[in-house]
Amino acid sequence: MNKVNVIGIGPGNRDYILPIAYRIIKECDVLVGGKRNLEIFASYEKEVFAYDSNLQGMCDYISANRNEKKIVVIVSGDTGFYSLLDYLQSKLGKECIDVIPGISSYQYLFSRIGKSYKDYGLYSLHGREIRWMDILKDKKGIFLLTDKKNSPSCIAKQLIDAGLSNVTMIVGENLSYDDEKITIDVPENIVKQDYSVLCVVVIENED
Ligand SMILES: C[S@@+](CC[C@H](N)C(=O)[O-])C[C@H]1O[C@@H](n2cnc3c(N)ncnc32)[C@H](O)[C@@H]1O
């Protein structure tokens with residue numbers, strides 16, 4: 001039985017994809033992924049399965065086809081940071097999957113602002129609630145994956161409401177794409193703006 005390759009393809013720009021990822025993708029029969037990520041490999045003319053939000057459908061497709069076809073699942077950023085990897089391993093079995101890492105959105109953003117991330121907490125608000133304000137108190141700062149509900153403005157409002165206006169927010173929109181934008185500002189200003197859905201946030205405590 002063919003192993004399924006789960007490959008991290010970085011923040012979105014082709015230049016941040018590892019050579020080994022390109023090699024495995026070139027040799028595969030089917031590419032499985034979200035629409036945005038599949039577009040990157042459109043010129044490869046592979047059979048594609050866009051999973052949108054139908055994860056069970058994706059697993060059924062992989063199970064039904066992996067004997068005959070070499071299947072690659074592409075995920076954004078790194079495989080080890082809030083990707084589909086855990087879900088796929090639980091559904092298909094760990095032994096059936098090979099993993100190729102990618103550059104995470106947090107690695108990319110911290111490199112763009114010229115800082116290391118060893119003293120920061122790394123979390124996701126993508127479809128989940130966490131007590132990030134409590135965590136922030138004990139760290140130099142935190143990095144958050146955001147979503148429509150937990151937008152940078154919404155996070156800024158929560159900081160203001162909690163009296164934590166003395167932090168700095170760094171908002172990374174469309175990272176690595178041509179329209180990338182990185183905004184460094186205080187919550188009072190961040191709260192007034194609209195941001196891309198493809199977005200991450202760093203909150204830093206005062207030194
Ligand atoms: C399902 S998570 C995947 C995280 C990914 N595994 C990583 O290592 O960055 C998707 C979230 O990652 C963030 N993200 C991924 N690519 C991004 C980019 N190019 N620019 C800004 N945020 C990005 C957004 O917060 C998005 O909602």
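**Notebook: the ligand and its surroundings**

I began with the residues around the ligand in this predicted model, and of the 19 that surround it, Pro11, Phe81, Ser104, Ser105 and Cys199 come nearest. I then sorted the shell by residue character and noted 9 nonpolar, 8 polar and 2 charged residues.

Next I looked up individual polar atom pairs between protein and ligand. For serine 105, which is also among the residues that come nearest, I noted a polar side-chain atom 2.6 Å from an oxygen atom of the ligand. Histidine 126 likewise places a polar side-chain atom by a ligand oxygen atom, here at 3.2 Å. With leucine 175 the backbone takes part: one of its polar backbone atoms is 2.9 Å from a nitrogen atom of the ligand. I followed this with the accessible area, and found that the ligand taken alone exposes 570 Å², of which the protein buries 91%.

I then asked where the ligand sits, and the entry reads that it occupies the largest pocket.

To place that site in the whole protein, I turned to the domain division, which gives domain 1 as 4–103 and domain 2 as 106–204. The C-alpha centres of domain 1 and domain 2 are 27 Å apart, and across the boundary I noted 9 residues of domain 1 in contact with 13 residues of domain 2.

Why do I describe the ligand as lying between the domains? Domain 1 and domain 2 both contribute residues to the shell around the ligand, and therefore the ligand lies between them.

Conventions. Residues are numbered from 1 along each chain as its sequence is written. This is a predicted model: local features need pLDDT of at least 70, side-chain atom pairs count only at pLDDT 80 or more; totals for chains, interfaces and linings use all residues. Side-chain values use heavy atoms; hydrogens and water are left out. A residue is near a molecule or strand if one of its heavy atoms lies within 4 Å of it. A polar contact is a pair of N or O atoms within 3.5 Å; within protein, one must be able to donate a hydrogen and the other to accept it, and residues adjacent in sequence count only if both atoms are side-chain atoms. Accessible areas come from the Shrake-Rupley method with a 1.4 Å probe; for residues, only the protein chains shown count as cover. On a 1 Å grid over the protein atoms alone, a cavity is a set of points where a 1.4 Å probe fits but cannot get out, and a pocket is an open set with protein on both sides within 12 Å along at least five of seven lines; lining residues have an atom within 4 Å of a point. A molecule sits in a cavity or pocket if more than half of its atoms lie within 2 Å of its grid points. Ala, Val, Leu, Ile, Met, Phe, Trp, Tyr, Cys and Pro count as nonpolar, Asp, Glu, Lys and Arg as charged, and the others, Gly among them, as polar. Domain bounds come from an automatic or database domain assignment. Contact means heavy atoms within 4.5 Å.
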